[in-house]
Amino acid sequence: MSTAGFNSQNGTGTGQTYANGPSQNPVALQQLPGVSYGMTHQPPYNPMQAKAPAPLGPGLYPTGPYQSVPPVSSYQPGPPLTSYPSPPGQAHLSRPPMGGLPSHTPPQSASPSPGPRLPPAQATPPPPAVSTGSYYPNPQQPMAPAWQYNTASPPMGPATSMSTHPKAPVTNHVNPAANLATSLPSPSSAYSSAPPPHSTAQLSGPGIPPTSMHGYTQPGIVPPPVNPLAPNTYQPNRPAYGPPLTGPPPAMKPTPPPPAHPMANATPPPLKADAQCGGAVNNALSPSEPNCQEGDIECPGAVAGNGPQASSNYNHVDNKMAGLTQPGPPGRHSGHYPSLPPGYQNTSAPHTSPPMHPAMQAATQPYTQAPQPYQQLPGGPGPAQLSPSLAAMSLQSSTPEALRVVNLLQERNLLPPSPVPAPTPCLPQDLQRLNCSPEVFRCTLSSIPQTQSLLSKAKMPLGLLLHPFKDLSQLPVVTSSTIVRCRSCRTYINPFVSFLDQRRWKCNLCYRVNDVPEEFMYNPVSRSYGEPHKRPEVQNATIEFIAPSEYMLRPPQPAVYLFVLDVSHNAVETGYLNVFCQSLLDNINALPGDSRTKVGFITFDSTIHFYNLQEGLSQPQMLIVSDIEDIFLPTPDSLLVNLNECKELVQDLLKSLPNLFQKTMETQSALGSALQAAFKLLSPTGGRMSVFQTQLPNLGVGALQSREDPNQRASAKEIQHLSPATDFYKKLALDCSGQQVAVDLFMLSAQYCDLSSLGCISRYSAGSIYYYPSYHQQHNPGQVERFQRDLKRYLTRKIGFEAVMRIRCTKGLSIHTFHGNFFVRSTDLLSLPNVNPDAGFAVQMSIEENLDDMQVVSFQAALLYTSSKGERRIRVHTLCLPVVNSLSDIFAGADVQAITGLLACMAVDRSVTASLSDARDAMTNAAIDSLTSFRQSVLTVQQPGLLAPACLRLFPLYVLALLKQKAFRTGTSTRLDDRIFAMYQLKYQPLAYTMLMIHPALYRVDDLTDEGALNINDRTIPQPRLLQLSVEKLGREGAFVMDAGTVMYLWIGRNCHPNFLTQVLGVPSYAAVPDNLYLLPELDTAESQRTRAFVGWLRDQRPFFPSLHIIRDESQLKPNFMQNMIEDRTESALSYYEFLLHLQQQISK
């Protein structure tokens, strides 16, 4: 990048504007047909260094198809960067990479490992004989290649990957001696997390053995690991975070602004650039993207200080965001406020989150404890005073619980009685108190490595997991004519910016200094003037803005709902039409919307049926189009009608539909033509298309043929047909996305439906997929109940229309792969025609430039959408994490559940682009690589056994669980549609629900008591402890509930106590338990109330409704239950202990 280009971004030159995130890649904007999952095109895998005793160097992390090429940083002035070859003398990897990016070790927060395994295992016991069906046919053979870690692959063809030469780790900019001093107490313990129930280990004190016994370097031997992070409190005498404005640089060198949206005009001074953002920039988009939100979210002209100075209106909806504590110390920001008092008090009490499902608490941790009043030191602490206090946060001070060494072969009972929380970032308390909730925004590593080479040595993936539109009981909402954003990178003002004085603030992503607009000086909460740092935008990491007119080019669209219904003979036989019509009748008044809401209906078999619902008709009018090859709309103006004006006609239609097709003998299904008709109907407005399908489409465009051979389900070495059979559905989904139409697919079928092909219609249009195998109104009442509950949630949940989402990160970091259901409109902008509160997203990142001068980095996700009431809104989440320069600190901050969730997304991509066996090998190698890195690079005293840090002790268990998960298992009869649906779920579900699918929760429920119970709304909820997923935990005399996310099982032991059978199930004996029982009877007994309260509480923790199956030894569903016993050996898969032996064998090679 030329110097002129660099200067122009600071307003002093005439060079080109720069791009935010990955550089614009022409390939990324084209979708190649027939390739699944990833969005922007990704080059083929490039082998890197071998996993051998040789030093671990940086590696290329290959991405899946449609991944954008990793960007060249736009910040380096001077000559272009060049790529550096691998250090000489290093071998190449012999295992194939995964289609996704990093997939490595999952970190986890600290928690003790209960007792030692009995009997203790030998240091390196010989692996037991493995059956021929094992997924490791020959344990002696070298492992198949896995991913290379944490860097993006180079572009295809002549283009070369560009990256900076890795620099040696830079020591802190504070005197190491001062760093190790302890004159001031630490604001927060390093990596402190709630100690597990039986844990006595502490960060310091006599309770822990000397660190040398754990193989760790004693304090003072190596440079301090964490770049000292000064508390972000208002301190008149301390410079702000980031590069200094003038004078000699203190701890940081000046850093140019961060990338802005590729289409944004980022030259701050010329006002016309910002003025264009609301219109001209947007107009550059294709006319097929009506609202042009790409410009909306990035450029709208209300640049800080330049918009109309209307008064702010702070709508404090439900007070505060769910789980968020109230605003922390307002005066955190460094700068000069001579007139401000030295101490700041809290404004309100903290909000406490309701108790969560134990298996989900780790993924949905509430915010940290309530803020405490912060008394500022006289004159503010200077750098010399801060260094000692920060030294107390250094992980070198003592061995933190997260790094306690666990020998996995000797400690059997590793599963904690309650879930381990997400690791708490090692930040000063005032910053951490304001940080984003892990329910919404979570990083696989809560301590960011300083360099890419350091990340590569750790062998763990770097990525973010988001739940951006999550239902929040409390959310701060701000109405303002001026939304304050950085003039360079367009970051929204947030709690982690620095105020230099009352009139200037420094961006925490690009370090650009911006003016504070006059309107922002007034605080609508306290009704005071002159304290911009106390505004709600600067006190809440999650906040929602009601956007002004600059953020829209057309009036916000109304809520439009179109239902497309299969009415073939097969569909009528299932009975789903009765359930659908009744559910919509019951919930028609609860559909999100306003007076403009529109609805429409299309039914289809071998022809397409439209329904004229125009006001004035005495009854609905059916219009049949039999020419499915050239579909047209018979009466375009009367097929989508205003719900309020035509509600009676709509209700009449819903009452008559089930009977209308009751005697049909039409067996064919022209789904493709019906979708084309629905697309034509919705194109002018955008909206939501809900498609209900019960069989394989076999007529007209998009017709499919069965590709599954039932005889090959269990014996096939490689699973075929994971990719779509046609690109028709993907192309149609992209057309829908361009017109702001999302397609949700409900599959209700007992036969193969080719979900891998049909699912594309939802995957690329940001829709949802629901799957009900073997659905039948009479034969499968459990599925019917699940369908009813899901449909009610689906019809009534919150919805956002014509949405876009962008994720920004601090300069030096880049995002290169996305996971979820969406279309990538540009290299870093996700197009979401609809966004719903049950959708999750994941992104993979790499470190483009060394973060030597940074103490913290920030990530910001901005979601611009139209509410069902027609308001344009922006929901912003900001996460702040520390930067560290030692491997031990990286491991200590590893989040094992987040890593597992990201690994699952990458494995799905790898299964589709390469093969299922490659994905399985790569997941296994992720566990091997991370534990090898820990052993070689963190432990200084080598010990026998399979050693893991406490934070990663569950990683091998989770990897084994993934290998046995329906999406990836082999050697077991698995329907192809079941496998594909499991893959979809892993890609787009939020982490909390994904972890239950991967590692279900098992509880004993025949001896529930009120001891330790929760009290919620006058209900007593028993809290039994989590059990290991092994048959040895099942007793013949007990009853056990297994929560596997979308399904729950109640297992009744053969010798179950008669009291439980009579008091809970209402049957006299074990033999009297019905085979098809799916409801717990409501009995007036204490045991029944406890059991129903517990099961109901588990169900309430998720938005969808898991069906409950009550099973005995003789039940047909027993194999489904037993397949979730992850720690046990099966004919085709290793037991947990055998898997650990296999890992040890590979690590010790």
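1. A good place to start is a pair of strands. Strand S10, residues 504–506, runs antiparallel to S11, and three bridges join the two. If you would like one contact to look up, take arginine 504: its bridge partner in S11 is aspartate 515. Please keep in mind while you look that this is a predicted model.

2. That pair belongs to an open sheet of three strands, in the order S9-S10-S11, with antiparallel pairing. Which strands stand at the edges? They are S9 (498–501) and S11 (513–515); each has a single partner strand, so one side of each is left without a neighbour in the sheet. From one strand to the next, the twist averages 35 degrees.

3. Now for the empty space inside. Rolling a probe the size of a water molecule over the atoms shows where such space is left. Searching the whole structure this way turns up 18 cavities of 30 Å³ or more. The largest cavity has a volume of about 280 Å³.

4. What surrounds the largest cavity? Its lining is made up of 21 residues, and those nearest its centre are Ile769, Tyr770, Tyr988, Gln989 and Phe1104. At least two lining residues come from each of strand S22 (769–773), helix H17 (781–796) and helix H22 (976–988).

5. How many residues of each class are in that lining of the largest cavity? Eleven are nonpolar, five are polar and five are charged. To find the spot in the viewer, you could centre on Ile769 and Tyr770, which are among the residues nearest the centre of the largest cavity.

Key. Residues are numbered from 1 along each chain as its sequence is written. This is a predicted model: local features need pLDDT of at least 70, side-chain atom pairs count only at pLDDT 80 or more; totals for chains, interfaces and linings use all residues. Side-chain values use heavy atoms; hydrogens and water are left out. Two strands pair if DSSP finds at least two bridges between them. Helices (H or I, at least four residues) and strands (E, at least two) are DSSP runs, numbered from the N terminus. Axes are lines fitted to C-alpha atoms, for helices over the stretch in contact, and angles run from 0 to 180 degrees between N-to-C directions. On a 1 Å grid over the protein atoms alone, a cavity is a set of points where a 1.4 Å probe fits but cannot get out, and a pocket is an open set with protein on both sides within 12 Å along at least five of seven lines; lining residues have an atom within 4 Å of a point. Grid points are joined across faces, edges and corners, and a volume is the space filled by probe spheres set on the points. Ala, Val, Leu, Ile, Met, Phe, Trp, Tyr, Cys and Pro count as nonpolar, Asp, Glu, Lys and Arg as charged, and the others, Gly among them, as polar.
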